[in-house]
Amino acid sequence: MNSLQFVQRSVLGQTWQWRGNRADAGDPDFTPDDLVTQLLLARGVARDDLERHRTPTLRGFMPDPSIFRDMDVAAERLADAVQSGEKLTVYGDYDVDGATSAALLIRLFRDLGLEAGYYIPDRLLEGYGPSGEALVRLGDAGNKLVVTVDCGAMAFDALSQAKAAGMEVIVVDHHKCAAELPSAFALVNPNRLDEIDEAAAHGHLAAVGVAFLLAAAIVRILRNRGFFVDRAEPRLVELLDIVALGTVSDVAQLKGLNRAFVAQGLKVMAARRNIGLNALAAAARLNRAPSCSDLGFALGPRINAGGRVGKSDLGVRLLTTTDPEEARLIAQELDRLNEERRAIEAQVQEAAEALMATQHNRAVALVSGEGWHPGVIGIVAGRIKEKFGKPAIVVAVDADGTGKGSGRSISGVDLGAAIISAREAGLLVAGGGHAMAAGLTIEAGKIDALSDWLDERLAGDVSRASSEKVLSVDALVNPRGLSPMLIETLEAAGPYGTGWPGPRVVTGPVRVVKCDIVGKDHVRAIVSGDDGASFKAMAFRQGESALGQQLLHGERGQKYWLAGRAR
């Protein structure tokens, strides 16, 4: 029995099903697995591979970096730069993945005796990705070697200009590539279309994960050259805290190597050796060992705030500084900017949701507005996606009639591929991304045409993804069974995130004792079970949904089964 047949009707219209395949408990020889084993199996782990996944380590999941195309070419060139003391700059994106990728390489080069510079473009003035003008300026300043991180895979014009100026550009990226590649000295990206299967299997890595593999390749080459005969070899494991931060913040799938990065990175972060991260945790009022959710909801947004509404280089400066006072000041500024970002985001979200009345028949929600702050459109797109259950794109149109758009998708709908195809079809000035997120630049006059094009291209995918939507659950307990011991057992199969979903527990039947709205549309309830146990429940951003309304205004004494995370 895969469905939970005692659930007669879901308030949100979803079918409740056991995650993965359930063994037949009616078999007289049936022996149930322990809960952690059940959780791992339900997330796709083969039974003969359980031990490797119980405690994900780099040793268990790290591939040979040389399997990736251009990896050795890039690593050899950067090793040469280290040994010759060559001037070079790391050109990063303005989000958390870009900041952590740049910081990782800068800290590595510093440990190797080379002080690399950095360049982070301004989101509002320069937009996403390397510009030819900026690269040429770096070349004129003496940087004949530049490493781009979290950008560059589709920067054809910019890299052609750099090459014409006599520069060598190494691209370290993870975004989708076209069949044709730009004119880079080396392009390291597991999502290259010409990658071998073993390398392409790591296409879920964030850019910071690819940068870590490049760092390992550089250190190995220098080791083979005897570079560490009279100097200490860098401890790459100490960089895993920023790898974990970038991976989680970029919503990369926490499977395989990514899960090892995050599991081990959280341990490194708990030691608080990184001066910048320690200051950021203090600014975020985190006084305990960080969790995966802290990276995505407390630390990541503050790093992002610099690129969204402040100075784009604040994140890199924070993650690379060796001065505790400088770190404290930057962290405080990022905390302030994050509050400013929230206020701006709320304004844009309200305006965007007001336009959704015209989008009810669209497969992809695409809304645009003049004067919207482009620094928050990605967050708003994510909010709309969650609220309406469909891919969403939010476009901010400037005074010149140019729209900057950011999109977020749902499982089963590859938005990045669609945006690349739209660019190739002439609908976009620029665009790219990956399955779950994408960015674009568009002329305001073509926004309606893009909406029609996406509707036609993705309607089938969205329909299938929506019809297959179920609520997957992992455990069934009575209310008194919601105990610290259960929570500790559930967490043993973590860390959890995109691609490795947190365990959902069903409990009941319960009655609502008290229910109200708190914060920004969150529903808070106290419920009591038939076994006499009571507990608190929270439904985030559900005040206006059918679920929130049922909890708030349902018939007094009505019994419910609840499904959610036990914390």
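**Exercise 1: the open sheet**

Work out the strand order of the open sheet of 5 strands in this predicted model, and find its edge strands.

*Solution.* Start with the order, which reads 7-8-9-11-10, and note that the pairing is mixed. Next, look for strands that pair on one side only: these are strand 7 (365-370) and strand 10 (430-434), the two edges. From one strand to the next, the twist averages 15°.

Now zoom in on one edge. Strand 10 pairs with strand 11 (residues 437-443) in the antiparallel sense, over 5 bridges. Want a spot to click on? Gly433 sits opposite Ala438 in strand 11.

**Exercise 2: helices on the sheet**

Find which strands helix 17 and helix 18 lie against.

*Solution.* Take helix 17 (residues 415-424) to begin with. Helix 17 packs on the sheet and touches strand 8 (392-397), strand 9 (402-408), strand 10 and strand 11. Its direction makes about 160° with that of strand 10.

Then move on to helix 18 (residues 447-467). Helix 18 lies across strand 7, strand 8 and strand 11, and runs at about 170° to strand 7.

**Exercise 3: the nonpolar cores**

Which residues touch the most other members of the largest nonpolar core?

*Solution.* The largest core has 121 residues, and the ones to pick out are Leu104 and Phe109. As for helices, helix 9 (residues 207-224) gives the most to this core, with 13 residues.

Let's follow Phe109 outwards. Leaving aside residues up to four places away in sequence, Phe109 touches Leu78, Val82, Leu88, Val90, Leu114, Ala116 and Ile218. There's also a second, separate core of 23 residues, and among them are Val397, Leu427, Leu428 and Leu440. As background, nonpolar side chains tend to be buried together in soluble globular proteins.

**Exercise 4: two positive phi values**

Asp150 and Arg285 each have a positive phi without being glycine. Decide for each one: buried or exposed?

*Solution.* Asp150 comes up first here, with phi near 65°. You'll find Asp150 in the loop between strand 4 (145-149) and helix 7 (156-164). Its relative accessibility is 1%, so Asp150 counts as buried; the cut-off for that is under 20%.

Arg285 has a phi of about 65° and belongs to the loop between helix 12 (275-283) and helix 13 (292-309). Arg285 counts as exposed because its relative accessibility is 53%, and exposed means over 50%.

**Exercise 5: cis peptide bonds**

Locate Pro495 and Pro509, and give omega for the cis bond leading into each.

*Solution.* The bond from Gly494 to Pro495 is cis, with omega near 0°. Pro495 is in the loop between helix 19 (484-491) and strand 14 (505-518). The bond from Gly508 to Pro509 is cis too, with omega near -10°, and Pro509 is in strand 14.

Conventions:
Residues numbered from 1 in each chain as written. Predicted model: local features only at pLDDT ≥ 70, side-chain atom pairs only at ≥ 80, totals over all residues. Heavy atoms only, no water. Pairing = 2+ DSSP bridges. Helix = DSSP H or I, 4+ residues; strand = E, 2+ residues; numbered from the N terminus. Axes fitted to C-alpha atoms, helices over the stretch in contact; angles between N-to-C directions. Contact = heavy atoms within 4.5 Å. Core = buried A, V, L, I, M, F, W, Y, C linked by side-chain atoms within 4.5 Å. Buried < 20%, exposed > 50% of the residue type's maximum accessible area, 1.4 Å probe, protein only.
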